[in-house]
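Subject: Structure for your review

Dear colleague,

Here is the structure I promised to pass on to you. Please have it open beside this message, since the notes that follow go through it residue by residue and then as a whole.

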Amino acid sequence: MATPDSYRSICEKFNVGRATALKCVRRVVNALEILAPAFIVWPNEERSMVIRNGIFATSNFPNVLGAIDGTHINIPAPHDHPESYVNRKGHHSIQLQAVCDHQCKFIHCYAGNVGSVHDQRVFRLSDLNEDIHNPTKFPNNSHIIGDAAYTLQEHLLVPNRDNRHLTEKQKNFNFCHSSARMAIERSFGLLKGRFRSLLTTLAMERVDLIPKYIIACCVLHNICLLKNDDFPSTVELLPEAVQDHDQVGGTVAVNRLGVIKRDDICERLSIRNV
């Protein structure tokens with residue numbers, strides 16, 4: 001999992017057959033998937049306060065419970081309906097949606113959608129689409145933050161759309177918002193740096209097993225951080241291209257409570273160097 005080596009290479013190094021290697025990997029992946037609810041955990045009220053303070057200390061952005069984004073895991077072209085897996089960059093991929101805290105630990109992971117699906121649709125298909133409306137998940141009126149691919153909501157704040165007429169305060173909001181959101185890019189960089197099979201092309205033919213494999217890597221990522229296993233990641237991931245329109249549902253809708261909350265934070269934020 002931590003190397004992009006082929007099964008042939010692994011089998012030669014450890015002098016085992018391919019069937020044995022496959023069986024071992026699947027057993028470990030299944031075990032880690034069972035453990036996922038214990039290690040990928042949405043924060044309680046006490047933990048949420050720690051996260052909010054941690055993100056505020058580095059970005060000046062208040063009440064942030066986590067940063068959300070998606071990343072693509074490249075795969076070989078599947079045998080069935082390969083065209084549906086092609087993403088914006090022309091690669092076949094499976095998507096991972098994740099939310100991380102200030103320490104780059106994942107507090108939500110959802111994997112399995114094909115590469116052609118828009119980020120907002122992935123969000124709607126995940127459990128987070130229901131949880132986002134549950135105030136008990138967001139104590140003290142906290143929120144997660146995401147890029148402009150997501151719909152603005154009371155508990156999901158996105159940046160102001162740059163129409164070249166933004167005020168100084170709106171530009172400052174976007175700057176602080178971007179600073180806070182960098183945590184999820186670092187998380188994906190660490191994940192793909194540790195588990196380099198996710199960095200290039202994941203050599204798996206059975207598409208039904210790939211989401212389990214991705215979640216297993218996310219569990220191990222969190223375990224490494226919990227055990228203070230330092231890893232000087234040299235992987236720098238470019239942010240995914242942002243689309244302003246949902247390819248399935250038309251123009252992205254705007255939530256009124258989200259607009260009010262964003263404008264209020266925009267007014268109260270201290271001005272940083274933009």
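Asn60 counts as buried in this predicted model, because its relative accessibility is 19% and the cut-off for burial is under 20%. The residue is in the loop that runs between α3 (45–59) and β1 (64–74), and its phi is near 70°, a positive value in a residue that is not glycine. Arg164 also has a phi near 70°, again positive and again in a residue other than glycine, but its surroundings can be described in other terms: Arg164 sits in the loop between β5 and α6, and with a relative accessibility of 77% it counts as exposed. A further positive phi, of about 55°, is taken by Asn15, just after α1. Within helix α1 itself, which covers residues 7–14, Tyr7, Ser9 and Cys11 are buried, and the buried residues of this helix pack against α2 (18–39).

The next group of residues centres on His221, which lies in helix α7 (residues 210–226) and is buried, with a relative accessible area of 0%. If residues up to four places away in sequence are not counted, His221 touches Cys104, Lys105, Phe106, Ser187, Leu190, Leu191 and Phe195. One of these, Ser187, belongs to helix α6 and is likewise buried at a relative accessible area of 0%; leaving aside its neighbours within four places in sequence, Ser187 is in contact with Cys100, Cys104 and Phe106 as well as with His221.

Phe106 leads on to the aromatic pairs, of which the structure holds 4. The rings of Phe106 and Phe188 have centres 6.2 Å apart and planes at 40°, so this pair is classed as tilted. It links distant parts of the chain, with Phe106 in strand β3 (residues 106–114) and Phe188 in helix α6 (residues 168–194), 82 residues apart. Both Phe106 and Phe188 are buried.

A second pair, formed by Phe123 and Tyr150, is edge-to-face, with 6.1 Å from centre to centre and 70° between the planes. Because Phe123 lies in helix α4 (residues 119–125) and Tyr150 in the loop between β4 (143–145) and β5 (156–157), this pair ties together parts that are 27 residues apart in sequence. Here too, both Phe123 and Tyr150 are buried.

Tyr150 also appears among the contacts of Asp119, a residue found in helix α4. You may want to look at this position with some care: is Asp119 buried or exposed? At 6% relative accessibility, Asp119 counts as buried. Leaving aside neighbours within four places in sequence, Asp119 is in contact with Asp69, Gln95, Gln97, Ala149 and Tyr150. For Gln97 there is also a backbone distance to give, since its C-alpha atom and that of Asp119 are separated by 8.2 Å, with the two positions 22 residues apart along the chain.

Turning to the whole chain, the model has 8 helices and 7 strands. Its radius of gyration is 19 Å, close to the 19 Å that the globule rule gives for 274 residues, so the protein chain is as compact as a globular protein of that length. Taken along the principal axes, the C-alpha atoms fill a box of roughly 65 × 40 × 35 Å.

Of the 274 residues, 47% count as buried, and the chain exposes about 14,300 Å², of which carbon and sulfur atoms supply 52%. Among the contacts between residues at least 6 apart in sequence, 69% join residues that are at least 24 apart. As for charge, the mean positions of the 31 positive and 29 negative charges are 3 Å apart.

With best regards

Conventions
Residues numbered from 1 in each chain as written. Predicted model: local features only at pLDDT ≥ 70, side-chain atom pairs only at ≥ 80, totals over all residues. Heavy atoms only, no water. Helix = DSSP H or I, 4+ residues; strand = E, 2+ residues; numbered from the N terminus. Rg over C-alpha atoms; globule rule 2.2 N^0.38 Å. Buried < 20%, exposed > 50% of the residue type's maximum accessible area, 1.4 Å probe, protein only. Contact = heavy atoms within 4.5 Å. Areas by Shrake-Rupley, 256 points an atom, 1.4 Å probe, with all protein chains shown as cover. Lys, Arg positive; Asp, Glu negative; His and termini not counted. Charge placed at Lys NZ, Arg CZ, Asp CG, Glu CD. Phe/Tyr/Trp six-rings, centres within 6.5 Å; stacked < 30°, edge-to-face > 60°.
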